[in-house]
Amino acid sequence: MKNGILVPALLLVFGSQAYAQKKWVEIPKGSYTIVQNQGGQTLGYSPNSGVKIIHVDGLAFKDLNKNGILDTYEDWRKPVAERAKDLASKMTVEQIAGLMLYSRHQSIPAQEVGMFTGTYNGKPFSKSGVKSSDLSDQQIAFLTKDNLRHVLMTSVESPIVAATWNNNIQALVEGIGMGIPSNNSSDPRNGANKNAEYNAGSGGSISQWPEELGLAATFDPAITEQFGSIAAKEYRAIGITTALSPQIDLATEPRWNRFVGTFGEDPKLATDMARAYVDGFQTSPKAIDSYEGWGNQSVNAMVKHWPSGGPEEGGRDAHFAYGKFAVYPGNNFEMHLKTFLEGAFKLNGKTKKASAVMPYYTISYNQDTKNGENVGNGFSKYIVTDLLRNKYGYDGVVCTDWLITANEGATPDVFSGKSWGVEKMTIAERHYKVMMAGVDQFGGNNDIIPVLEAYQMGAKEHGEPFMRNRFEKSAVRLLLNIFRVGLFENSYLDPNETKAIVGKPEFMKAGYEAQLKSIVMIKNHNKTLPIQKGKTVYVPKRITPAGINFFGQPSPEKIEYPVNLDLIKKYYTVTEDPSKADFALVFIKSPMSGGYSKADRDAGGNGYLPISLQLKDYTAVDARAKSIAAGDPVVDPTITNRSYLNKTSKSNSYPDLNTILETKKAMNGKPVIVAVNISNPMVFGEFEKEVDGIVGEFGVQVEALLDIISGKTEPSGLLPLQMPINMSTVEKQFEDVPHDMIPYQDANGNVYDFGFGLNWKGTIKDARTVKYSVKK
C-alpha cells in the first residue's frame, strides 16, 4: 500500500524504475475496486469475486476466466467484434444457452404477491431480514444454475437500492464462469404517470416525460433525442444498459390498446421520432474507438415490434389469443417497416443502428410469401431471417417478446403464454423453431432446460458442428451488446453518484418542458382559455366502474377525485358547489372496452365483441361480416369467423359522459373545460358541443396541464393521430393504413385531424405542420 493505493508485488521487487513505467492506479471503493489505466479504460472489479488484475505493457486488465493470461476478450484495447468472437468460441453450450435467456420481470425488492413474486432464504422480503438490494433466491438460481445474464428490472425501491443491487449482481456473475456481466434492462420508466403498467419501474425519483405518443405530439424529434440522452444517463446510473424501447409500431389501428406507447400513425413523424429516440439512448457523451462508436454511457435500444404490431384485426391485442392476428386489408405491409429501415436502422449517430429488435406476438397474416406459414413473428423464419436479416441486412440481436414459448391460457382472454401459430408444439420444440427462425434470445424465460433440449434437436437434425456454429452466432451478437456499453471493463456503480444523477433538477426541468410542449388544446370556444389563476373551480369526482385490468384480474368500482386537489389549489380556489365556481374542470380518459367476452362464448357466440372508441355503448352495425383471420387449434378450434357484426360493446366509460353532461347542467352556462388523458383516438361528437374547452394530454403531471389552462404557458402540441367522426368510420378504415378515417369537425369548424392543435391565436400553422403535412 502506498498513499492508499495498492501496489503490485512485481513493482516492489523491481523498484522505482518499474514503478515509473506503471500506467495504472487502484482505488478501493468499498465493495468494489476501481483501476484507472492512464490513457486507457477504467476497470471495476469485486475483490470478493476471485477475479485478479493482470498487467501487460504497464496496463491493467481483468482476468475474468482466472487462467492467468490475457485473453483476447479481456483486452480492452481490441475491437469489440474481435473480443465477442473470441469469448463465444470459448464458451460452453450451457453458457451460451444461458446467455440466450432473458429473465421475467424482477422488482427490487421482490414482490410478495402477484405474478412476479420472489423469496429470500425461502421467506418473503418483509420477513427475511435482508436488505432491499440483496438478490432474491430466484435471481441467484437463474444467474448461477441457468447461466442467465440478461435481467429485466421493473419497480425499484430507490435509485440507490437499484445501484447497490446492481453491484451485488455484478459481483456474483463476475466470479463465475467466464465473468460475463449482467446486462440489466428496463421497459420505459420515465413517464409522468407512475402507476401505469408500462411504467412499473418509474420509482418516483427519475425525470418525468410524456408517453411516447406525447413525445410525438411535440412534432419535434430534437425533444425526443434529448429525452433519450437524459434517460440514458439515468438508466446507467441505476445499472440499466438496455432499454426495451422504443415502441416504433405504426399505430394505424385506432382501437389497439398499445397506441399510446407508439409515436402515432404517421410514417414520416414516427420514423423521425424512432431515429431520434435510439440516437439519444445509444450515443455516449464520449465514444470509445475500440467500442466501434459506442461508449460506457451508451444504452442499447431494443426497438419493438418487428415488423409492426400496429395492424391488429379489430384492435384486439396479441397479448391474448383473441388478438393474435395482424392483418393487411390495405396491402400496406411495407409501409410498416419504414420506422425500422429508415429510422431505427439509419441513425445519425456513430452507433449506426438499434442494437436489438423484438418481433411482436402477432401472426402477420398471409405475409409469408415464401413458405405460406402463419405463425407468430418470433417463430417465422420468413419474417426474421428472409426479411429482417437477409433482405434488409440487420445483424443485431433479435429477442422474442415475453413468454412466446409458453402454453396459452384455457380461454382466449387469459393472460398466459403466447405461442401463436405453434400452439400444439412442445415448449422445447417452440424454442427450436424460434432458434431456427434466426432469433437469438428468449424473452421472459429463466429456464435453460428447453434451450438445451432445442440444441439437441438441432444437433440430431443437422449435426453437432452446425448447431454449435448456430449457438456461437447468437452468442457473438449478444456479447457485442455487453461489450459495447463497457460492462466487461466496469459494471459497478457509486451509489452517491447515482443519487446525484437520477432525477437531477436539470433533467426534471427538461422533462417538464417536454410535457408542456406535448399538451394539445383541441377546443377553445370564444377564447374561454386561458383562465387566470385565483378563480374558483369545480372538479367533479370520477367514477370508474368495476372491470378487468390488463392482466385479467378484477378491479373494483372507484369513485374518487381524478387528481390531487392540493395541486389544483396551487392555481385555483376549489369548491364542491358548482354554483360557487367560476368554471368547471372535468377530467376524463380515452374510452375503454374489451374485445372478447367469455360470457358471449358460453352463451353460444364466438366470444368476440367490438372495441369502442366512444363513451356510450356501441353496436357494430358497420363491422365486417367475415373476419380476415381466425383460428385457435387448442382453446377455440371451432371458431372460423371472428366477426362481431351487430354485437354491442358495453362501455366502461359511460360515467365520464354522464359527468360531463351533469356538470354542464350544474354550471348553468358557466364554462366547462374537459381535460382528456388520450391513449387512443376517440369520438368527441358525444360531448364536444356541450363544453367550452378541451385540452388533450398524453401522460403529464397535473401542474403541466394547469400551466396551460391558466395561461402560464401557451399550448403548442399537435394531434399525432386522427379523431374519428364516429364509429362507422373506425369500422370502415383498414387496420394497416394511416390517416384513413373521416375526422371529427367541431362546432367552431375545426377538424380534429392529424397535425391539428390550437394556441391562443387559433389553429397552429408553423414549420412542423408544413414538414409533417399529410396530402389527402
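Helix α6 (residues 159-174) lies across β7, β8 and β9 (183-186), and runs at about 155° to β8. The model described here is predicted. The strands under α6 belong to an open sheet of 7 strands with parallel pairing, in the order β7-β8-β9-β10-β11-β13-β15. The points below cover this sheet, two buried residues and two helix pairs.

**The sheet and its edges**

- The edge strands of the sheet are β7 (105-108) and β15, each of which pairs on one side only.
- Strand β7 runs parallel to strand β8 (residues 150-156), and 3 bridges join the two.
- Within this pair, I108 stands opposite V156 in β8.
- At the other edge, β15 (residues 397-398) pairs with β13 in the parallel sense over 2 bridges.

**Strand β13 and its partners**

- Strand β13 covers residues 356-359; A356 and M358 point one way from the strand, while V357 and P359 point the other way.
- All four of these residues, A356, V357, M358 and P359, are buried.
- Strand β11 (residues 300-306) runs parallel to β13 and is joined to it by 4 bridges.
- A356 has a facing residue in each partner strand: M302 stands opposite A356 in β13, and V397 in β15 also stands opposite A356.

**V398 in the edge strand β15**

- V398 is placed in strand β15.
- Its relative accessible area is 0%, so V398 is buried.
- Not counting residues up to four places away in sequence, V398 touches V357 and P359, along with V384, L388, R389, G438, V439, D440 and Q441.
- V357 and P359 in that list are residues of β13 that point the same way from the strand.
- V398 and S474 are 76 residues apart in sequence, yet their C-alpha atoms are 8.9 Å apart in space.

**N377 in a loop**

- N377 lies in the loop between β14 (363-364) and α11 (381-391).
- This loop residue counts as buried because its relative accessibility is 0%, and the cut-off for buried is under 20%.
- Leaving aside neighbours within four places in sequence, N377 is in contact with W306, P307, P359, Y360, Y361, T362, S364, I383 and V384.
- P359 and V384 are among the contacts of N377 and also among those of V398.

**Helix pair α13 and α14**

- The axes of helix α13 (residues 449-462) and helix α14 (residues 464-483) come within 7 Å and cross at roughly 135°.
- α13 is therefore oblique to α14.
- On the α13 side, the contact is made by V451, A454, Y455, G458, A459 and H462; on the α14 side, by E464, F466, M467, R468 and F471.
- By class, this contact has 7 nonpolar, 2 polar and 2 charged residues.

**Helix pair α16 and α20**

- Helix α16 (residues 505-518) and helix α20 (residues 702-709) have axes that come within 9 Å and cross at roughly 50°.
- At this angle, α16 and α20 are therefore oblique to each other.
- The crossing of α16 and α20 is right-handed.
- Y512, Q515 and L516 of α16 make the contact with E703, A704, D707 and I708 of α20.
- The residues of this contact divide into 4 nonpolar, 1 polar and 2 charged.

Terms used: Residues are numbered from 1 along each chain as its sequence is written. This is a predicted model: local features need pLDDT of at least 70, side-chain atom pairs count only at pLDDT 80 or more; totals for chains, interfaces and linings use all residues. Side-chain values use heavy atoms; hydrogens and water are left out. Axes are lines fitted to C-alpha atoms, for helices over the stretch in contact, and angles run from 0 to 180 degrees between N-to-C directions. Angles under 35 degrees count as roughly parallel, over 145 as roughly antiparallel, 65 to 115 as roughly perpendicular and the rest as oblique. Contact means heavy atoms within 4.5 Å. Ala, Val, Leu, Ile, Met, Phe, Trp, Tyr, Cys and Pro count as nonpolar, Asp, Glu, Lys and Arg as charged, and the others, Gly among them, as polar. Buried means under 20% relative accessible area, exposed over 50%, partly exposed in between (1.4 Å probe, protein chains only). Two strands pair if DSSP finds at least two bridges between them. A crossing is left-handed if the near helix is turned anticlockwise from the far one by less than a right angle, and right-handed if clockwise.
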